[in-house]
Amino acid sequence: MADENEPQARNISLENRERTRRQSAPQHRANPDPQYDEEIDLKYGAEHVIRLFVPVSLCMLVVVATISNVTFYTVKDIYLVYTPFHETSRETFTILWNAVANSLILISVVIIMTMVLIALYKYRFYKVINAWLIFSTLMLMFLFAYLFFEEVLRAYNVPMDIFTILLFNWNFGVAGMVCIHWKGPLRLQQAYLIFIAALMALIFIKYLPEWTTWAVLFCISIWDLVAVLTPQGPLRILVETAQERNESIFPSLIYSAVAYGAITTTDEDHNEAEPVESSSSPSTVEMKIFSVGAYDSEHGESSQQSDNIQPVTVPSPNPRTPRSRNQQAASPSGQRRRRPTTTQQPQPNPNDDSVKLGLGDFIFYSVLVGKASSYGDWNTTLACFVAILIGLCLTLLLLAAFRKALPALPISIAFGLVFYFFTRGVVQPFADLLSKNQIFI
């Protein structure tokens, strides 16, 4: 008799607890205090800052480590076709106008390619864009990645036969293509995007002339301001068009710090936290604070997306996985009730406002730090590293204040350039003088 009443008593206990939660929930969620909203913004905004600092730092560290140990990327033997002036003259004025001319040519190519991309997206040539992006990723994951692995092995004097390295490169490239352009684990996709950004930064460092690199960093920051903030800016048009169509931008162009609001929960938490006024919950506020880079992630994944755009999703656990007896219990009505079990299951969020940073921002951050490290001055390298993170933090603060898309390059690149030339021209000679005279501060 006691066994028969036990499920009913448990259901009554759950109903009482649910009733208590529903009575207390509106008071918590309908908190009109603006100070409470500011605390929520600061708490989850700081979490987003950390989630961007980690991948940006990893990308810059990969570039710095490669530049410091692999001489292949510091030897200037060939140059890009977009930089016809190779700065071979010894006159300062000639080198200066060569760098300016190279940077203007390269930025013109970037502007033209951006315009072509916007036109293709506006007129819904999704297959052409996908083919373009897939071809670019193929070149990076197979050709340039093979050169990278080969030079790393040569730098560390590690013997390896050609068949082994080709097999490794094939598996590495195929896994990257699947994760980036189809679907795969979130962490693996993020790792591949970081690797691609670092690889592109190394290519720019190697194939751009000396002073052209600094001129390109300056010009690309100005272009980022124009492209995002002006009313007819191409990147702004791309964002607005994607929002009007309720579509997500291609995953190979962006880095997402949070995927679909994936959090670790329990089944009991799902039962006790039904979406009653869920728009005010902290987990939702977390994904509505920041968007960074070339676009605003105000509108994310949707069930009405075009068939030609395939969003990268994280597969849920296999539904065929057998459950233990303790995970289910039969109620008197014949329905099954699950006991609390801890699961980690990313769910697609129809209003994905997660933190997103354009992959180009990763590239040019790493170009600046990698170029600084190529001179062997660690003080200058650390100064540029810190300057970029400070600039990124200020950009996020501005995003929190204005609540709209802002360019992520100008502040960080400006800080990096100022810190580089100031440290290399003032701080480092001063430190060398102190060391030479054995003066310790």
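**Exercise 1. Which backbone nitrogen lies 3.2 Å from a polar atom of the side chain of Asp377?**

Before solving it, some ground rules. You're looking at a predicted model, where local features need pLDDT of at least 70, side-chain atom pairs count only at pLDDT 80 or more, and totals for chains, interfaces and linings use all residues. Residues are numbered from 1 along each chain as its sequence is written, and side-chain values use heavy atoms, with hydrogens and water left out.

*Step 1.* Find Asp377 in the loop between α11 (359-373) and α12 (378-402). Helices (H or I, at least four residues) and strands (E, at least two) are DSSP runs, numbered from the N terminus.

*Step 2.* Look for the backbone nitrogen: it belongs to Asn379.

*Step 3.* List the contacts, meaning heavy atoms within 4.5 Å. Leaving out residues up to four places away in sequence, Asp377 touches Ala372, Arg424 and Gln428.

**Exercise 2. Find the nearest side chain of opposite charge to Asp377, and decide whether the two form a salt bridge.**

*Step 1.* Sort the charges: Lys and Arg count as positive, Asp and Glu as negative, while His and the chain ends are not counted.

*Step 2.* Recall the rule: a salt bridge is a side-chain nitrogen of Lys or Arg within 4 Å of a carboxyl oxygen of Asp or Glu.

*Step 3.* The nearest candidate is Arg424, 4.6 Å away, and Asp377 has no salt bridge even though it's buried. Buried means under 20% relative accessible area, exposed over 50%, and partly exposed in between (1.4 Å probe, protein chains only).

**Exercise 3. How many salt bridges does the rule give, and which residue pairs with Lys206?**

*Step 1.* The count comes to 6.

*Step 2.* Lys206 pairs with Asp77, at 3.2 Å from N to O. Lys206 sits in helix α6 (residues 186-207) and Asp77 in the loop between α2 (34-69) and α3 (92-122), so this pair links distant parts of the chain, 129 residues apart.

*Step 3.* Check the surroundings: Lys206 is buried, at 1% relative accessible area, whereas Asp77 is partly exposed, at 48%.

**Exercise 4. Which residue forms a salt bridge with Arg154, and where do the two lie?**

*Step 1.* The partner is Glu151, with the closest N and O atoms 2.9 Å apart.

*Step 2.* Both lie in helix α4, 3 residues apart, or about one turn of the helix.

*Step 3.* Glu151 is buried, with a relative accessible area of 13%.

*Step 4.* Now widen the view: Glu150, Glu151 and Arg154 are linked in a network of salt bridges.

Technical notes. A polar contact is a pair of N or O atoms within 3.5 Å; within protein, one must be able to donate a hydrogen and the other to accept it, and residues adjacent in sequence count only if both atoms are side-chain atoms.
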